[in-house]
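Me: I have a structure open and want to learn to read it. Can we take it feature by feature?

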2 protein chains.
Amino acid sequence: MNNKPKIAVFGSGSWATAIVKMLCENLETVGWYMRSEYSLEYIKRNEHNPNYLSSVEFDINQLFLSKDINEMVEYADYLIFAIPSAFVQDELDKINVSLKDKILFSAIKGIIPKSGLIVGEHFHEKMSIPFENIGVITGPCHAEEVALERLSYLTIACQDESKAKVLSSFLESDYIKTKVSDDIIGTEYAAMLKNIYAIAAGIAHGLGYGDNFQSVLMSNSIREMKKFIKKVHKMKRNINNSAYLGDLLVTGYSTFSRNRMFGNMIGKGYTVKSAMMEMVMVAEGYYATKSAYEINQKNGANTPIIDTVYRVLYENKNPKNQFKKLTDLLD
Amino acid sequence: MNNKPKIAVFGSGSWATAIVKMLCENLETVGWYMRSEYSLEYIKRNEHNPNYLSSVEFDINQLFLSKDINEMVEYADYLIFAIPSAFVQDELDKINVSLKDKILFSAIKGIIPKSGLIVGEHFHEKMSIPFENIGVITGPCHAEEVALERLSYLTIACQDESKAKVLSSFLESDYIKTKVSDDIIGTEYAAMLKNIYAIAAGIAHGLGYGDNFQSVLMSNSIREMKKFIKKVHKMKRNINNSAYLGDLLVTGYSTFSRNRMFGNMIGKGYTVKSAMMEMVMVAEGYYATKSAYEINQKNGANTPIIDTVYRVLYENKNPKNQFKKLTDLLD
């Protein structure tokens, strides 16, 4: 048992909590970093997360909890980051111990605002982590269903597939199946782009478009996603695999998705600002829209859906008119 | 206006009614054949279908109604069949006038039980209609949303694209957009196969699988559909176009789909027989499953989802055990 690598999860949200739960099925000890001392002490006392997936009970003896990120980095061989992309930079900036030989996995769906990079690229370019030590954990997976132990499939991507396999083996269980991939760039962009398409689905729903249109929108979204990712990183990939199409569908068709809800409010007539104020946390697709739009300005893929969402969110354009125009560009 | 071809719809169900409505947006006269004298007289008196989409009001002066199929065949240049696949043979057998130069479009999603052929193939092989006079109208399109004039996209397929374009032009309106295709075989198989995948989605839901699994199931379904259709008719097609993926999604994610409901009952523990008895009309996917399974026994595509549904529906196998095995074959 001592040969098992040490694994730590960074973050205290629902996705972080779900990943800790998965690892607890296989490991004697799971490292869990969170910055909130309150949450940490609460978990120690009550054996569940106060704010997210609070129905999930942990055996406290299985958890190595810390609010010292450097202590946790030093502890672990595999570091899994599940902190919202808007805040991950602040946490990474606190690290002052060596990351040499550490294997960094991103379970974050989005762009780091300051660098404008997806997390894997950020690890590589800004933190000099070699690509063979960078990985991605992606869905389709609502954390809430992991809490219920409903069967879910994860894709674990790493250029060095042996590392993806190691991590896979610790995430698998009766209710988690895993698939290994070497497409870290594509899977991470897919995870980010799907949030934009979920906003589009929400706006359409808010405007009164029905199920027939939603299916056309999703069919166009997956084709657009394929074109976008191909420009960023060309390789052989089947865009209909679960990590791409499955992830798009689980979000686009979810009435619980924060991104879809945000879009829905805008379709219903809320301004972007007031929709944001109604939500406890900003939908990640809001930031993703700007980043994706800017990246694609250079790359030139044909992305009418992203462009439409961008104009609605960032140029204050009328959603009804923009979507009317969009419908002529879909097929 | 006299140069406009004459168009007639055969059938009195919801999809037939929706197509008549679309045509009424563009044509002075639309032919409408139905075998039920009661329905026909009811429509004449009340200007709406008694049983399906009864909120749709027709201008009776626009309709040429007849319960004589031969009269209607002689009247029309374009014949659109929207009769459930289980009953279309009975209607076709009544035709004793010439079909020479008639253009036959199928809006039927399924296999003709006796011949084991999709409708387009049946027209060609059993009725000697040349392929250039055969076409397909396909969704994604719930007829109910056409009644509400919610934006929907149709694909009109014909080997002779000029004929597809003519029919398209009469179906298009403010709320209907059309796309032309030359893949009559592929679009028609897709329309049939999606009902099997909707049954699978229903069984999974009935068994308690959640949204994470449904997205994986749909992601695997579209890949399986691609392989199945490629064996039947190999040509360049983008399986993510609306006629294939969109049609799969609108059915697979619909809680109103008869096929999904049928599957759901089986997942909940109903026997196949009792589930069928609960429903007014047999779900088309029930027949499609047998046909698709048998066709694929010859073709040898890898179709674990179809095979699983087949074993549950026709070999009386336990849905829970079969789906447990299926989950190991998906990714």
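Me: Start with a charged pair. How exposed is K317(A)?

Reply: This is a predicted model, so every value here is computed from it. K317(A) counts as partly exposed, because its relative accessibility is 36%. Its salt-bridge partner is E315(A), at 3.6 Å from N to O. E315(A) is also partly exposed, at 34% relative accessibility.

Me: How many salt bridges are there over all chains?

Reply: The count comes to 30. The side chains of R150(B) and E145(B) make one of them, at 3.9 Å from N to O. R150(B) is partly exposed, with a relative accessible area of 31%. E145(B) counts as buried because its relative accessibility is 7%.

Me: Which residues are joined into one network by salt bridges that share partners?

Reply: K21(A), E25(A) and E149(A). Within that group, the side chains of K21(A) and E25(A) meet at 3.9 Å, N to O. K21(A) is buried, at 10% relative accessible area. E25(A) is partly exposed, at 39%.

Me: Now a charge without a bridge. What is the nearest side chain of opposite charge to E224(B)?

Reply: K227(B), 6.9 Å away. A salt bridge needs nitrogen and oxygen within 4 Å. E224(B) is buried and has no salt bridge. The residue is found in helix 9 of chain B, which covers residues 211–232. Leave out residues up to four places away in sequence, and E224(B) touches Y197(B), N302(B), T303(B), P304(B), I305(B) and I306(B).

Me: Where is K231(B) found?

Reply: In helix 9 of chain B. K231(B) counts as partly exposed because its relative accessibility is 47%. Beyond its neighbours within four places in sequence, K231(B) is in contact with N299(B), G300(B) and A301(B). For a sense of distance, take K231(B) and D77(B): they are 154 residues apart in sequence and 33 Å apart in space, C-alpha to C-alpha.

Me: On to rings. How many aromatic pairs does a search of the whole structure find?

Reply: It finds 31 over all chains. Read the distance between centres, then the angle between planes. Y209(A) and F213(A) form a tilted pair, 4.5 Å centre to centre with 35 degrees between the planes. Y209(A) counts as buried at 16% relative accessibility. F213(A) is buried too, with a relative accessible area of 0%.

Me: Is the pair of Y78(B) and F105(B) stacked or tilted?

Reply: Stacked: the centres are 6.2 Å apart, with 25 degrees between the planes. This pair links distant parts of the chain, 27 residues apart. Y78(B) is in strand 4 and F105(B) is in strand 5, both of chain B. Both residues are buried.

Me: Which residues form one aromatic cluster?

Reply: F262(A), Y286(A), Y287(A), Y293(A), Y310(A) and Y314(A).

Me: What lies over the face of F87(A)?

Reply: R35(A), at 5.8 Å from the ring centre. In chain B, R35(B) lies over the face of F87(B), at 5.9 Å from the ring centre.

Me: Which residues of helix 5 in chain A are buried?

Reply: V119(A), G120(A), E121(A), H122(A) and F123(A) are buried in that helix, which covers residues 119–127. Just after the helix, S128(A) takes a positive phi of about 55 degrees.

Me: Last, the two chains. What turn lays chain B on chain A?

Reply: A turn of 180 degrees, with a shift of 0.0 Å along the axis and an RMSD of 0.0 Å. That is the relation of a two-fold axis. The same surface serves both copies: of the contact residues of chain B, 100% recur in chain A.

Definitions and conventions
Residues numbered from 1 in each chain as written. Chains lettered and ligands numbered in written order. Predicted model: local features only at pLDDT ≥ 70, side-chain atom pairs only at ≥ 80, totals over all residues. Heavy atoms only, no water. Least-squares fit on C-alpha atoms with pLDDT ≥ 70 in both. Contact = heavy atoms within 4.5 Å. Helix = DSSP H or I, 4+ residues; strand = E, 2+ residues; numbered from the N terminus. Buried < 20%, exposed > 50% of the residue type's maximum accessible area, 1.4 Å probe, protein only. Lys, Arg positive; Asp, Glu negative; His and termini not counted. Phe/Tyr/Trp six-rings, centres within 6.5 Å; stacked < 30°, edge-to-face > 60°. Lys NZ or Arg CZ within 6 Å of the ring centre and 35° of its normal.
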